[in-house]
Amino acid sequence: MNSQTQKITLQGEAGLIEALRDEPMGVSRGVAIVAHPHPLFGGTMDNKVVQTLARAFVQCGWTVVRFNFRGVGASAGEHDAGVGEARDMLRVVDQVAPEGPLAVAGFSFGSFVASHALAELCTHRTIDKVVFVGTAAQRFTVAPVHPDLHDKTLVVHGEQDDTVSLASVMDWARPQSLPVTVVPGGGHFFHGQLPLLKSLVVRHLQA
């Protein structure tokens, strides 16, 4: 992603996890963990939306770690429908951010995985920021966001997302009274609108 990007190898439940770490200029504000979209449909940590999220966090002073789910790239294991992936995400947190400020982010299937990791983390960790993009509420049971985290959470969805319907995300968010930021005309991958997505995330992180 930039000259500061480091390839790192972490230990997951199913074996080694391939990951990338990006450092901000100056002193880091904390560590943000970013989860990628569905691996069975080509999702990896190099996805453009994932990279956009990483750039936004780095710009705002965060160290960012994004990793390949099990069975993707050089990560060991096989796809586990989000269950093992969430446990792997918790393992990643334990290794790269055992203490201090922590942020959690995910795109599409990655938001689903991150939601379940977040539900576990918030029982014993303070979470500083949460960002979900293209939240995969149509095909998966996304965990609710703890009420204490609502003010720290940004949910972004494209108005014309034909992979995950806006209606399904609203159905997930409505019982929680969790606001959803809708990008007019936006698709699932935010083609042509990644700079706008980044600016929305930066604004949230700087709030």
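**A walk through the chain, starting at Thr181**

Let me begin with a single residue, Thr181, which counts as partly exposed because its relative accessibility is 29%, a value that lies between the 20% under which a residue is called buried and the 50% over which it is called exposed. Please keep in mind throughout that what we are looking at is a predicted model.

Where does Thr181 sit? Thr181 belongs to strand β8, and, once residues up to four places away in sequence are set aside, Thr181 touches Leu154, Val155, Val156, His157 and Leu200. If you look for Gly158 in the structure, you will find that its C-alpha atom is 8.5 Å from that of Thr181, although 23 residues separate the two along the chain.

Let me now step back to the chain as a whole. There are 5 helices and 8 strands, and, read from the N terminus, the elements follow the order β-β-β-α-β-α-β-α-β-β-α-β-α. The C-alpha trace spans about 40 × 40 × 35 Å along its principal axes. For 207 residues, one would expect a compact globule to have a radius of gyration near 17 Å, and the 15 Å of this chain agrees with that expectation.

How much of the chain is buried? Of the 207 residues, 55% count as buried. The area that the chain exposes is about 9100 Å², and carbon and sulfur atoms supply 52% of that area. As for charge, there are 16 positive and 19 negative side chains, and the centres of these two sets lie 6 Å apart. If we take the contacts between residues at least 6 apart in sequence, 72% of them join residues at least 24 apart.

Leu194, in helix α5, gives one example of a pair that is distant in sequence. The C-alpha atoms of Leu194 and Lys48 are separated by 8.2 Å, while the two residues are 146 residues apart along the chain. Leaving out the neighbours within four places in sequence, Leu194 is in contact with Lys48, Val49, Thr52 and Phe189.

Pro24 can be read in a similar way, and you will find Pro24 in the loop between β2, residues 15-22, and β3, residues 31-35. Pro24 is buried, since its relative accessible area is 6%, which is under the 20% cut-off. Beyond the residues up to four places away in sequence, Pro24 touches Val58, Gly61, Trp62 and Thr63, and its C-alpha atom is 8.0 Å from that of Gln4, 20 residues away along the chain.

Thr63 also appears in another pair, this time with Gly84: the two are 21 residues apart in sequence, and their C-alpha atoms are 24 Å apart in space. Gly84 lies in helix α2, residues 83-96, and is buried, with a relative accessible area of 0%.

Let me turn to helix α4, which covers residues 166-173 and in which Ser168, Val169, Trp172 and Ala173 are buried. Why do these buried residues line one face of α4? Seen down the helix axis, the buried residues of α4 fall within an arc of 135°, and so they line one face. As general background, an α-helix has 3.6 residues a turn, so residues three or four places apart point the same way. The buried residues of α4 pack against β6, residues 129-133, and β7, residues 153-158.

I will finish with two residues whose backbone deserves a look. Most residues other than glycine have a negative phi. Ser177, in the loop between α4 and β8, residues 181-183, has a positive phi of about 55° although it is not a glycine. Phe190, found in the loop between β8 and α5, residues 194-206, likewise has a positive phi of about 55° without being a glycine.

Which of the two words, buried or exposed, applies to Ser177, and which to Phe190? Ser177 is exposed, with a relative accessible area of 63%, whereas Phe190 is buried, with a relative accessible area of 1%.

Key. Residues are numbered from 1 along each chain as its sequence is written. This is a predicted model: local features need pLDDT of at least 70, side-chain atom pairs count only at pLDDT 80 or more; totals for chains, interfaces and linings use all residues. Side-chain values use heavy atoms; hydrogens and water are left out. Helices (H or I, at least four residues) and strands (E, at least two) are DSSP runs, numbered from the N terminus. The radius of gyration is taken over C-alpha atoms; the globule rule is 2.2 Å times the number of residues to the power 0.38. Buried means under 20% relative accessible area, exposed over 50%, partly exposed in between (1.4 Å probe, protein chains only). Contact means heavy atoms within 4.5 Å. Accessible areas come from the Shrake-Rupley method with a 1.4 Å probe; for residues, only the protein chains shown count as cover. Lys and Arg count as positive and Asp and Glu as negative; His and the chain ends are not counted. The place of a charge is taken as NZ of Lys, CZ of Arg, CG of Asp or CD of Glu. The arc is that of the directions from the helix axis to the C-beta atoms.
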